[in-house]
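Trainee: Could you take me through this structure step by step, explaining each term when it comes up?

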Amino acid sequence: MLIHIPFQDIFRDQMLSGLITQITRMKCYGKPGDRFSAFGVEFELLDVYPCALRLIALERYQREGLEGVCSFEKFWAEMARRGCKKGDQVWVHKFNKVIKE
């Protein structure tokens, strides 16, 4: 199924190069096997699951194209307009770029 997931332009190069392999959102956008297009390229969801936002901030920020805990928290505060709260549950969307033969 083709789905839509919004992305900011600042992540274009990292997504296209494969450095970003997951995104965190407040809601679930799809399920494994669903595909989405970003920056003219197709991606496929590999896994989608709920997770504590704090865990992403502490251990997985680099998978989202951010440089550290502080940059993740700052970005999330701007994106969610409320910051990282210790008990927040979010949805992790892991994906790969679709290679067309």
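Mentor: Let us begin with a term: a charge sits over a ring if NZ of Lys or CZ of Arg is within 6 Å of the ring centre and within 35 degrees of the ring normal. The model shown here is predicted, and in it local features need pLDDT of at least 70 and side-chain atom pairs count only at pLDDT 80 or more, while totals for chains, interfaces and linings use all residues. Residues are numbered from 1 along each chain as its sequence is written, and side-chain values use heavy atoms, with hydrogens and water left out.

Trainee: Over the ring of which residue does the charged end of R25 sit?

Mentor: We look for a ring that meets both limits of the definition just given. The charged end of R25 lies 5.4 Å from the centre of such a ring. The ring belongs to F7.

Trainee: In what order do the elements of the chain run from the N terminus on?

Mentor: Helices (H or I, at least four residues) and strands (E, at least two) are DSSP runs, numbered from the N terminus. The chain has three helices and five strands. Written out from the N terminus on, the elements follow the order β-α-β-β-β-α-α-β.

Trainee: Which strands stand at the edges of the sheet?

Mentor: Two strands pair if DSSP finds at least two bridges between them, and the open sheet of five strands has mixed pairing in the order 1-3-4-5-2. An edge strand has a single partner strand, so one side of it is left without a neighbour in the sheet. The strands in this position are strand 1 (2-3) and strand 2 (22-25).

Trainee: Which residue in strand 3 does L2 stand opposite?

Mentor: Strands of a sheet pair through backbone hydrogen bonds, either parallel or antiparallel. Here strand 1 and strand 3 (residues 35-38) run parallel and are joined by two bridges. Opposite L2, in strand 3, stands R35.

Trainee: Which residues are joined with R35 into one network of salt bridges?

Mentor: A salt bridge is a side-chain nitrogen of Lys or Arg within 4 Å of a carboxyl oxygen of Asp or Glu, and a search of the whole structure finds three of them. In one, the closest N and O atoms of R35 and E42 are 2.7 Å apart, and in another, those of R35 and E44 are 3.3 Å apart. Salt bridges that share partners join R35 into one network with E42 and E44.

Trainee: Is D34 buried or exposed?

Mentor: Buried means under 20% relative accessible area, exposed over 50%, and partly exposed in between (1.4 Å probe, protein chains only). The side chain of D34 meets that of K31 in a salt bridge of 3.3 Å, N to O, and K31 is partly exposed at 47%. D34 has a relative accessibility of 4%, so it counts as buried.

Trainee: Which kind of aromatic pair do F36 and F43 form?

Mentor: Rings of Phe, Tyr and Trp (its six-membered ring) pair if their centres lie within 6.5 Å, and planes under 30 degrees apart count as stacked, over 60 as edge-to-face and the rest as tilted. A search of the whole structure finds six aromatic pairs. F36 and F43 are 5.4 Å apart, centre to centre, with 15 degrees between the planes, and the pair is therefore stacked.

Trainee: How many residues apart in sequence are the parts that the pair of F43 and F95 ties together?

Mentor: F43 and F95 form an edge-to-face pair, 5.5 Å centre to centre and with 85 degrees between the planes. F43 lies in strand 4 (residues 41-52) and F95 in strand 5 (residues 89-97), so the pair ties together parts whose separation in sequence can be stated. That separation in residues is 52.

Trainee: What is the relative accessible area of F36?

Mentor: F36 belongs to one aromatic cluster with F7, F39, F43 and F95. Within this cluster, F43 is buried at 1%, and F95 is buried at 2%. F36 is buried as well, because its relative accessible area is 0%.

Trainee: How far apart in space are V69 and R54, C-alpha to C-alpha?

Mentor: V69 is found in helix 3 (residues 69-80), and V69 counts as partly exposed because its relative accessible area is 26%. In sequence, V69 and R54 are 15 residues apart. In space, C-alpha to C-alpha, the distance is 9.4 Å.
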